[in-house]
Amino acid sequence: MAPAQGELLGRWNELLDRVRATVPFYRDRLPAGRLTSLAQVSDVPFTTKEDFRANYPFGLFAVPAEQVVRVHMSSGTTGRPVVTGYTRTDLELWSECMARVLGAAGTGTADVVQNAYGYGLFTGGFGFHMGAERLGALVIPTSSGVTQRQVMVMRDLGSTILTCTPSYALVLAEAVEREGAASDLRLRAGFFGAEPWSEGMRAQIERGLGLEAFDIYGLTELGGPGVGVECTHHEGLHVFEDHFYPEVVDPESGRPLAPGEEGELVLTSLRREASPVLRYRTRDRTVLVDKPCSCGSPFRRILKLRGRTDDMLVVRGENVFPSQIESIVLEVEGLSGNYQLVIDRQVRRLDSLEVRVEAHAEADREELGRRAEERVRDTIGLGVRVTVLPPGALPRSEGKARRVVDLREL
Ligand code: DLL
């Protein structure tokens, strides 16, 4: 059940007391006193990735080292990694959230969960593993990669649920097609997240693997996957509000936005013991929806994430998000979800954006490219070059895909 306002306020105050007593970083910056209404949450200072880096590795931990039983890390592309810790209770809470995630597709003891998220420092592998075990499903910990073996396992062991990044799901779909294995599969649902993906990509994955695709969101700073998941209506992700307090703010001013307005997601972990985090600026763009969902869940939704504020490309002064281009290009019949955006600045020192995208099969690639260019121009008013490549021409990813190649020397 989603907590009532009074209960939430109690949790906030308990959290504030706890971190003031245990984490010098929070003690020094939090306002004194207790909150008397949730409206005062916006007076609590934000926490950022830079704060995690500045307190690397254990500076933000709120329990003595003896109580920490696990850490996970995310490296990102630059700088010090983010470290997050778990007590035994944290692992329990996390596996409870992950069981709920998998429960969105009714996962149970009869299911065979093929977990192709990476095991290791990345939170994806272990998170899904614990959730599936908690539900009593059979877990196959394939981890990511070794694509041919994934297909073999899927077929021979009768996997019913697949968990991996959406870009890797596409790679698996291609492999299934290559091997003509589709009719031997028992897959019925998949949980895909860890990177932005569009509705067009969902359609390709569902078609290629014969399953219902659920979007799942989370991040290392908040303990990994399991912040929220779609229900079978697929109209946004329900945030587990008994564990996480979501807000959407204006990315520039930090001002809280009303439900329905698009901005940056800010998250607070209400219960984590080892690594609590208050008002974390996720840099992820979404909309908070406070209308009830027809599934009857008490938890509010965030709309499918639209990319990160720091992924925004500025091309000739226009703001463009890779996921926008992805959805537009995928509306062109015959193009696949394997794409890359290449930005360069050569001709008369103007930025150029080239979309490299693969065709599904033999096709008139020039004609497809022209159609995609037209559609991008009509939708966002930006002139781009679309180069359509034969199937298999672009690099494949086993985890998060690298979508943007920036060749500008800025
Ligand atoms: O990606 C945790 C995770 C694992 C989520 C497995 C879902 C499934 P990080 O490596 O710390 O953690 O990356 C977190 O990935 O801030 C988003 O930018 C992005 N991201 C995660 N889930 C989604 C999603 C894991 N469903 C960062 N849609 C986040 C869009 C997502 N972006």
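This report walks through two sheets, the helices packed against them, the ligand surroundings and two backbone details. The model is predicted, so please read every value below as computed from that prediction.

## The eleven-stranded sheet

Let us begin with an open sheet of eleven strands. Reading across the sheet, the order is β4-β3-β5-β6-β7-β8-β9-β13-β12-β11-β10, and the pairing is mixed. Its edge strands are β4 (138-140) and β10 (244-249), each of which pairs on one side only.

At the β4 edge, strand β3 (residues 112-115) is joined to β4 by three bridges, and the two strands run parallel. To find this spot in the structure, look for Q114, whose bridge partner in β4 is I140.

## Helices α7 and α8

Helix α8 lies across four strands of this part of the chain: β5 (161-164), β6 (189-193), β7 (212-219) and β8 (224-230). Its direction is at about 125° to β7.

Helix α8 (residues 199-209) also packs with helix α7 (residues 166-178). Two packed helices are described by the angle between their axes and the distance between the axes. Here the axes come within 9 Å and cross at roughly 35°, and the crossing of α7 and α8 is left-handed.

Which residues in α7 and α8 meet? From α7 come P166, S167, A169, L170, L172, A173 and V176, while α8 contributes M201, Q204, I205, G208 and L209. Sorted by class, this contact has nine nonpolar residues, three polar ones and no charged ones.

## Around the ligand

There are 20 residues around the ligand, and those that come nearest are D215, I216, T220, D284 and K400. Three distances between protein N or O atoms and ligand atoms are set out here.

| Residue | Protein atom | Ligand atom | Distance |
|---|---|---|---|
| A194 | backbone N or O | nitrogen | 3.0 Å |
| P196 | backbone N or O | nitrogen | 3.4 Å |
| K400 | side-chain N or O | oxygen | 2.8 Å |

K400 thus appears both among the nearest residues and in the table, through its side chain. A194 deserves a second look as well: this residue lies in the loop between β6 and α8. It has a positive phi of about 85° although it is not a glycine.

## The four-stranded sheet

Another open sheet has four strands in the order β18-β17-β16-β19, again with mixed pairing. Why is one side of β18 and of β19 left without a neighbour in the sheet? Both β18 (385-389) and β19 (404-406) stand at the edges with a single partner strand each, so one side of each has no neighbour there. From one strand to the next, the twist averages 20°.

Strands of a sheet pair through backbone hydrogen bonds, either parallel or antiparallel. In this sheet, strand β16 (residues 335-345) and strand β17 (residues 351-359) run antiparallel and are joined by eight bridges. A handy landmark is Q340, which stands opposite R356 in β17.

This sheet has a helix across it too: α9 (residues 322-330) lies across β16, β17 and β19, and runs at about 135° to β16.

## A cis peptide bond

One last stop is the peptide bond from Y56 to P57, which is cis, with omega near -5°. You will find P57 in the loop between α3 (49-54) and β1 (70-74).

Technical notes:
Residues numbered from 1 in each chain as written. Predicted model: local features only at pLDDT ≥ 70, side-chain atom pairs only at ≥ 80, totals over all residues. Heavy atoms only, no water. Axes fitted to C-alpha atoms, helices over the stretch in contact; angles between N-to-C directions. Left-handed = near helix turned anticlockwise from the far one by under 90°. Contact = heavy atoms within 4.5 Å. Nonpolar A, V, L, I, M, F, W, Y, C, P; charged D, E, K, R; others polar. Pairing = 2+ DSSP bridges. Near = heavy atom within 4 Å. Polar contact = N/O pair within 3.5 Å; in protein donor to acceptor, adjacent residues only side chain to side chain.
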